[in-house]
Amino acid sequence: MLLLVIITGLVAFASCRPCDVDGSNLELILSLNKNLLRSLESPEELPNPSVHLALRLSHHHNLAKETEHLNRLKTELHDNIQTSLTNGQAVTGLMALYGLALKSSCYDLNTITFDVNDKKETLLTHLKKQMEQEKEHIAFSHRPLTNYYQYSLGVLALCVSGIRVNNHVSHKLIKAAENEQFKHGETESIDTYAMAGMALQCVKDSGSYAHNAAELDTALNKIKQKLLASRRSDGHIGNEFSTGLAVQALLAMGSDVGECSASMEAMRTAARSNVYHNPMAISQTLPALQRKTYLSVKTQNCLNEDDTLVLEPVTPVVVLPSETKVNVMVEVVTASGAAAAYSVDVPKGSSLLEALELLERKNVGFTFQKESSLWGPFLSAVNGEQARQSDRRYWHLSSDDTALTEGIGDFKINAAQRITIKNTSY
């Protein structure tokens with residue numbers, strides 16, 4: 001009997017022990033934190049508000065580097081958004097992330113202004129106007145001016161900043177969740193469900209939604225069930241790159257995502273395998289690994305912060321192109337359905353972007369143009385044909401009929417394969 005009690009006690013103790021018994025999880029978080037800090041050292045890139053947000057939500061800081069990046073956001077990113085507003089372009093998502101990044105540094109958002117038509121107004125005022133335009137666009141075209149991911153970000157940024165979100169704006173998001181309109185092409189967008197979940201949870205917590213509390217609860221429950229139903233056997237929710245936001249959303253909505261849960265372990269495994277080498281991917285995963293969410297910005301006070309994160313000097317590693325060549329078949333399918341096929345041999349380990357550049361230099365009729373985003377470069381035109389967000393089209397990429405989860409700059413060619421580039425509507 002005594003032996004049984006001892007064994008039972010040991011089992012109970014083991015079940016309560018954190019999975020971080022050797023400190024390796026802390027080391028992983030510090031490593032990801034440092035990788036984000038190093039990503040700030042690329043002055044040619046537009047400063048990324050999502051990276052800043054993750055750094056500020058972390059338990060570990062290098063305050064000098066964070067302050068330097070904040071100043072870049074207030075100049076370079078601010079000017080970029082100002083240009084877009086002057087040109088009449090919709091920048092809901094970027095403006096929302098900018099606001100969240102500033103608030104995460106406890107910056108007074110009322111001091112940030114933009115000039116449009118000789119009228120100076122605050123960032124939050126402009127964001128409210130962007131959301132009104134998005135809402136009106138849904139009313140007559142049944143979809144936002146941008147997309148529901150950016151729409152959700154706009155709701156979230158206003159809400160955590162203490163701004164009452166228009167009931168009609170929230171209602172549009174609630175109905176979209178109920179009607180399962182969060183899609184990218186034909187595929188459900190787990191990222192959008194996650195962002196919508198955080199946005200609507202913030203609205204619920206604020207007590208500002210007076211329209212119908214029951215439908216808000218129904219939408220939140222549906223989002224939660226969608227996320228849980230999308231959990232794979234390995235713990236990832238959707239895919240490796242949507243799990244961070246999904247875990248944040250589940251935490252925000254009150255789900256018990258334990259330190260040792262399958263999804264947390266899946267993110268740690270992916271991080272240790274260097275799956276999250278893109279700064280944007282790290283920025284969405286790091287808060288989740290520390291059980292933080294974007295709603296945490298609401299209570300950020302920036303007091304007594306740890307300032308011990310130091311970047312050790314890193315010796316640059318020169319990676320020589322592989323002498324092994326692999327063949328890549330590239331198929332381009334236009335909006336009309338017309339197809340063209342090309343072939344190129346590339347060094348093993350090349351990025352898809354490098355492969356496309358090699359193919360273009362062969363002068364066989366293949367051309368492409370790219371644009372930049374927070375996730376890195378993406379295709380905007382192929383063989384002279386555009387796929388524009390304004391036309392609800394994008395270039396869908398797949399490898400041997402499996403959709404890519406990484407961008408053209410991150411996806412690596414390690415074996416012979418067929419890449420399909422298809423002009424797709426969404």
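Let us begin at a residue on the outside: V310 touches K34 and N62, leaving aside residues up to four places away in sequence. The model you are looking at is a predicted one, so please read each detail below in that light. V310 sits in the loop between α13 and β5. With a relative accessible area of 54%, V310 counts as exposed, because the cut-off for that class is over 50%. The chain also brings V310 together with H61: their C-alpha atoms are separated by 8.5 Å, although the two positions lie 249 residues apart along the chain.

The loop that holds V310 also gives us a way into the disulfides. A disulfide is a covalent bond between the sulfur atoms of two cysteines. The count for this model comes to 2 disulfides. One of them is formed by C106 and C302, with sulfur atoms 2.0 Å apart. This pair ties together distant parts of the chain: C106 belongs to the loop between α5 (92–104) and β1 (113–116), while C302 belongs to the loop between α13 (279–289) and β5 (325–333), 196 residues apart. The link is right-handed, with 95 degrees about the S-S bond. How accessible are its two ends, C106 and C302? C106 is partly exposed at 37% relative accessibility, and C302 is partly exposed too, with a relative accessible area of 23%.

The second pair to visit is C159 and C202, whose sulfur atoms are 2.1 Å apart. Here the link joins two helices, with C159 in α7 (residues 148–160) and C202 in α9 (residues 190–206), 43 residues apart. The angle about the S-S bond is -95 degrees, and the link of C159 and C202 is left-handed. Both C159 and C202 are buried. If you count the bonded cysteines along the chain, the disulfides follow the pattern 1-4, 2-3.

Now turn to helix α13, which precedes the loop of C302. Helix α3 (residues 49–57) packs against α13 at an angle of about 30 degrees, and their axes are 8 Å apart. The contact is built from S50, V51, A54 and L57 on the α3 side, and from P279, M280, S283, Q284, L286 and P287 on the α13 side. How are α3 and α13 oriented relative to each other? They are roughly parallel, because angles under 35 degrees fall in that class. The crossing of α3 past α13 is left-handed.

A different helix, α6 (residues 123–141), holds H137. Is H137 buried or exposed? H137 is buried, since its relative accessible area of 17% is under the 20% cut-off. Leaving aside residues up to four places away in sequence, H137 touches H142, R143, P144, L145 and R392.

From here we can move on to the strands. Strands of a sheet pair through backbone hydrogen bonds, either parallel or antiparallel, and this model offers examples of both senses. For the parallel sense, look at β5 and strand β14 (residues 417–425), which are joined by 6 bridges. Within β14, Q417 is the residue opposite V328. For the antiparallel sense, look at β14 again, where 7 bridges join it to strand β11 (residues 393–399). There T424 of β14 stands opposite Y394.

Our last stop is an open sheet of 3 strands, in the order β8-β9-β10, with antiparallel pairing. Its edge strands are β8 (368–371) and β10 (385–386), each of which pairs on one side only. β8 and β9 (residues 378–382) share 4 bridges in the antiparallel sense. You can follow this pairing through two of the partners in β9: F368 is matched with V382, and K370 with L379. In a regular strand the side chains alternate between the two faces of the sheet. β8 and β9 form a hairpin with 6 residues between them, and G376 in the turn has a positive phi of about 115 degrees. Finally, helix α14 (residues 352–361) lies across β8 and β9, and runs at about 150 degrees to β8.

Note on methods
Residues are numbered from 1 along each chain as its sequence is written. This is a predicted model: local features need pLDDT of at least 70, side-chain atom pairs count only at pLDDT 80 or more; totals for chains, interfaces and linings use all residues. Side-chain values use heavy atoms; hydrogens and water are left out. Two strands pair if DSSP finds at least two bridges between them. Contact means heavy atoms within 4.5 Å. Axes are lines fitted to C-alpha atoms, for helices over the stretch in contact, and angles run from 0 to 180 degrees between N-to-C directions. A disulfide is a pair of cysteine sulfur atoms within 2.5 Å. Buried means under 20% relative accessible area, exposed over 50%, partly exposed in between (1.4 Å probe, protein chains only). Angles under 35 degrees count as roughly parallel, over 145 as roughly antiparallel, 65 to 115 as roughly perpendicular and the rest as oblique. A crossing is left-handed if the near helix is turned anticlockwise from the far one by less than a right angle, and right-handed if clockwise.
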